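Subject: Structure handover

Hello,

Here is the structure for you to look over. My notes follow below it.

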Amino acid sequence: MEMEKKVNKSLDVTENESEAVSQLVVPVIPPGGVSFYDAFVVRGIRVNRVEPGLIVCTLKVPPRFTDRGGNLANGAIANLVDELGFCAAYVPGQPMNVSVDISISYMSTAKLHDELEITSRLLGRIGRYYGVIVILRNKTTGEIIAEGRQSFFSSRPIAKL
């Protein structure tokens with residue numbers, strides 16, 4: 001019971017905190033517009049090849065994606081897997097997909113300004129449930145930095161690719 005009280009107390013919001021949040025202005029993004037978040041994640045990515053269910057990109061690791069040690073941050077890797085995984089599964093004219101599951105294996109590190117090759121591929125689809133794999137590789141050494149697998153669910157059946 002004591003732990004529950006501590007947790008509840010830590011979740012309490014002060015009047016100042018509540019007032020600060022109520023004054024936040026969240027801009028409305030028009031259809032087809034780009035959010036700050038998306039622009040932050042995808043800025044600097046060069047798309048080299050696009051086919052249905054396949055995207056190959058390159059990216060030089062920017063400072064905004066590094067941790068204190070100068071390595072590509074795990075959170076940045078997760079964001080890249082999420083964004084580029086979605087892109088490989090996206091079908092124009094079909095409803096947006098909902099991410100159901102994401103799993104990432106962190107195998108190595110990349111440093112600031114290392115050039116990465118990122119391959120995102122649609123693995124398959126069963127009904128409205130389908131999955132992708134995203135591989136981040138050091139373009140110079142060929143070493144795999146991370147491998148992410150992600151599954152999506154579409155609210156309506158999608159057309160065959």
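**Salt bridges**

A search of the whole structure turns up three salt bridges. A salt bridge here is a side-chain nitrogen of Lys or Arg within 4 Å of a carboxyl oxygen of Asp or Glu. Before the details, the ground rules. This is a predicted model, in which local features need pLDDT of at least 70 and side-chain atom pairs count only at pLDDT 80 or more, while totals for chains, interfaces and linings use all residues. Residues are numbered from 1 along each chain as its sequence is written, and side-chain values use heavy atoms, with hydrogens and water left out.

Side chains of opposite charge can pair when their charged atoms come close. Glu-115 and Arg-46 pair in this way, at 3.1 Å from N to O. That bridge links distant parts of the chain: Glu-115 sits in strand β4 (residues 115–126) and Arg-46 in strand β1 (residues 46–51), 69 residues apart. Helices (H or I, at least four residues) and strands (E, at least two) are DSSP runs, numbered from the N terminus. Glu-115 is partly exposed, at 22% relative accessible area. Arg-46 is partly exposed too, at 47%. On this scale, buried means under 20% relative accessible area, exposed means over 50%, and partly exposed lies in between (1.4 Å probe, protein chains only).

Arg-49 forms a salt bridge with Glu-51, with the closest N and O atoms 2.7 Å apart. Arg-49 is partly exposed at 41%, and Glu-51 is partly exposed at 36%. Arg-149 and Glu-147 also meet in a salt bridge, at 3.5 Å from N to O. Arg-149 counts as partly exposed, with 42% relative accessibility.

**Cysteines**

How many disulfides does the structure hold? Zero. A disulfide is a covalent bond between the sulfur atoms of two cysteines. The cut-off used is a pair of cysteine sulfur atoms within 2.5 Å. For Cys-57, the nearest cysteine sulfur is that of Cys-87, 7.6 Å away, and Cys-57 is in no disulfide. Cys-87 is likewise in no disulfide, its nearest cysteine sulfur being that of Cys-57. Cys-57 is buried, at 2% relative accessible area. Cys-87 is partly exposed, at 36%.

**The largest pocket**

The largest pocket holds about 260 Å³ of space. A pocket is found on a 1 Å grid over the protein atoms alone, as an open set of points where a 1.4 Å probe fits, with protein on both sides within 12 Å along at least five of seven lines; lining residues have an atom within 4 Å of a point. Grid points are joined across faces, edges and corners, and the volume is the space filled by probe spheres set on the points.

Among the lining residues are Gly-33, Asp-38, Asp-82, Glu-83, Cys-87, Met-96, Asn-97 and Gln-150. Elements giving two or more residues to the lining are α3 (36–42), α4 (74–89), β3 (97–106) and β6 (144–154). Which element gives the most? It is α4, with four residues.

Phe-152 and Val-42 also line this pocket. Phe-152 is in strand β6 and counts as buried, at 1% relative accessibility. The two residues are 110 apart in sequence and 20 Å apart in space, C-alpha to C-alpha.

Helix α4 also holds Ala-76. Ala-76 is buried, at 10% relative accessibility. Ala-76 lies 30 Å from Ser-18, C-alpha to C-alpha, with their positions 58 residues apart in sequence. Strand β6 also holds Ile-144, which is partly exposed at 27%. Ile-144 is 8.8 Å from Tyr-106, C-alpha to C-alpha, and 38 residues away in sequence.

**Surface and backbone**

Met-3, Val-7 and Leu-11 make up a nonpolar surface patch, with about 320 Å² of accessible area together. Patch residues have over 30% relative accessible area and no salt bridge; nonpolar side chains (Val, Leu, Ile, Met, Phe, Trp, Tyr) are joined within 5 Å, like charges within 9 Å. Areas come from the Shrake-Rupley method with a 1.4 Å probe, and for residues only the protein chains shown count as cover. Met-3 lies in helix α1 (residues 2–11) and is exposed, at 59%.

One backbone angle to check is phi of His-113. It is near 75°, a positive value in a residue other than glycine. His-113 is in the loop between β3 and β4. His-113 is exposed, at 53%.

Best wishes
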